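The following explanation leads the reader through one protein structure, from its strands to its interior and its charged side chains. Please keep the sequence and the coordinates at hand while reading.

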Amino acid sequence: QVQLVESGGGLVQAGGSLRLSCAASGSIFSIASMGWYRQAPGKQRELVAAVTSGDITNYTDSVKGRFTISRDNAKNTVALQMNSLKPEDTAVYYCNANVRRYSGTYYSYWGQGTQVTVSS
């Protein structure tokens with residue numbers, strides 16, 4: 001079993017910053033990629049940013065230049081630094097990890113979600 005534990009959400013004014021963190025633990029052989037998704041009320045869950053084990057990053061267009069994803073492979077952690085936050089960034093943010101288990105199979109795991117609210 002693999003667990004993802006998130007922290008760092010909260011309420012911030014527009015233009016402010018927040019940092020989200022996620023730690024993966026459990027039966028992990030390796031992690032292919034880690035990322036952050038978000039889901040706003042009435043909308044589908046969308047990819048915000050992702051990073052591979054080789055530090056290749058991918059961002060959705062709306063956060064480029066404002067958000068930075070980083071990863072510590074040794075600790076199985078991923079962080080999302082969010083700057084210049086906008087009210088439209090308000091959502092529940094979910095950590096995701098594509099884990100290779102000791103059996104050799106891959107499985108996608110999710111955190112419980114953390115609320116980010118940006119006031120105008």
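**Strands, core and salt bridges**

In this predicted model, Val 92 stands opposite Gln 115 in strand β11. That pair belongs to the contact between strand β9, residues 91–100, and β11, where three bridges join the two strands in antiparallel fashion. Strand β11 has a second partner as well: strand β2, residues 10–13, is joined to β11 by four bridges, and these two strands run parallel. Within that parallel pairing, Gly 10 is placed opposite Val 116 of β11.

The two faces of β11, which spans residues 114–119, can be told apart by their surroundings. Thr 114, Val 116 and Val 118 make up the covered face, whereas Gln 115, Thr 117 and Ser 119 make up the uncovered one. Gln 115, the residue opposite Val 92, is thus found on the uncovered face, and Val 116, the residue opposite Gly 10, on the covered face.

Thr 114 deserves a separate look. This residue lies in strand β11, and it counts as buried because its relative accessibility is 11%, under the 20% limit. Its side chain reaches the backbone nitrogen of Gly 9 at a distance of 3.3 Å. Apart from residues up to four places away in sequence, Thr 114 touches Glu 6, Gly 9, Leu 20, Ala 91, Val 92 and Tyr 93.

A further group of strands forms an open sheet: four strands in the order β1-β3-β8-β7, with antiparallel pairing. At the edges are β1, residues 2–7, and β7, residues 67–72, each of which pairs on one side only. Neighbouring strands of this sheet are turned against each other by 15° on average, direction ignored. The edge strand β7 is connected to β8, residues 77–82, through six bridges, the two strands running antiparallel. In β8, Met 82 is the residue that stands opposite Phe 67.

Which residues have the most contacts inside the largest nonpolar core? They are Trp 36, Leu 80, Met 82 and Tyr 93, in a core of 30 residues. Many strands contribute to this core: β1, β3 (18–26), β4 (30–39), β5 (46–52), β7, β8, β9 and β11 each supply at least two of its residues. Strand β9 gives the most, with five residues.

The contacts of Tyr 93 illustrate how the core draws on separate parts of the chain. With neighbours within four places in sequence left aside, Tyr 93 is in contact with Glu 6, Leu 20, Trp 36, Tyr 37, Arg 38, Val 48, Phe 67, Leu 80, Met 82, Gly 113, Thr 114 and Val 116. Among these partners are Trp 36, Leu 80 and Met 82, which were named above for their contacts inside the core. Thr 114 and Val 116 also appear in the list, and both belong to the covered face of β11.

Attention now turns to the charged side chains. The whole structure contains four salt bridges. In one of them, Asp 89 pairs with Arg 38, the closest N and O atoms being 3.0 Å apart. Asp 89 lies in the loop between β8 and β9 and Arg 38 in strand β4, so this pair ties together parts that are 51 residues apart in sequence. Asp 89 counts as buried because its relative accessibility is 0%; Arg 38 counts as buried at 6%.

Asp 89 also meets Arg 66 in a salt bridge, with an N to O distance of 2.8 Å. Arg 66 is located in the loop between β6 (57–59) and β7, while Asp 89 is in the loop between β8 and β9, so the pair links parts that are 23 residues apart in sequence. Arg 66 is likewise buried, with a relative accessible area of 11%. Salt bridges that share partners join Arg 38, Glu 46, Arg 66 and Asp 89 into one network.

Another salt bridge is formed by the side chains of Asp 61 and Lys 64, at 3.0 Å from N to O. Both of these residues are exposed. Lys 64 is 49 residues from Gly 15 in sequence, and their C-alpha atoms are 15 Å apart in space. Gly 15 itself lies in the loop between β2 and β3 and counts as exposed because its relative accessibility is 54%. Beyond its neighbours within four places in sequence, Gly 15 is in contact with Ser 84 and Leu 85.

Technical notes: Residues are numbered from 1 along each chain as its sequence is written. This is a predicted model: local features need pLDDT of at least 70, side-chain atom pairs count only at pLDDT 80 or more; totals for chains, interfaces and linings use all residues. Side-chain values use heavy atoms; hydrogens and water are left out. Buried means under 20% relative accessible area, exposed over 50%, partly exposed in between (1.4 Å probe, protein chains only). Two strands pair if DSSP finds at least two bridges between them. A polar contact is a pair of N or O atoms within 3.5 Å; within protein, one must be able to donate a hydrogen and the other to accept it, and residues adjacent in sequence count only if both atoms are side-chain atoms. Contact means heavy atoms within 4.5 Å. Axes are lines fitted to C-alpha atoms, for helices over the stretch in contact, and angles run from 0 to 180 degrees between N-to-C directions. A nonpolar core is a set of buried Ala, Val, Leu, Ile, Met, Phe, Trp, Tyr and Cys residues joined through side-chain atoms within 4.5 Å.
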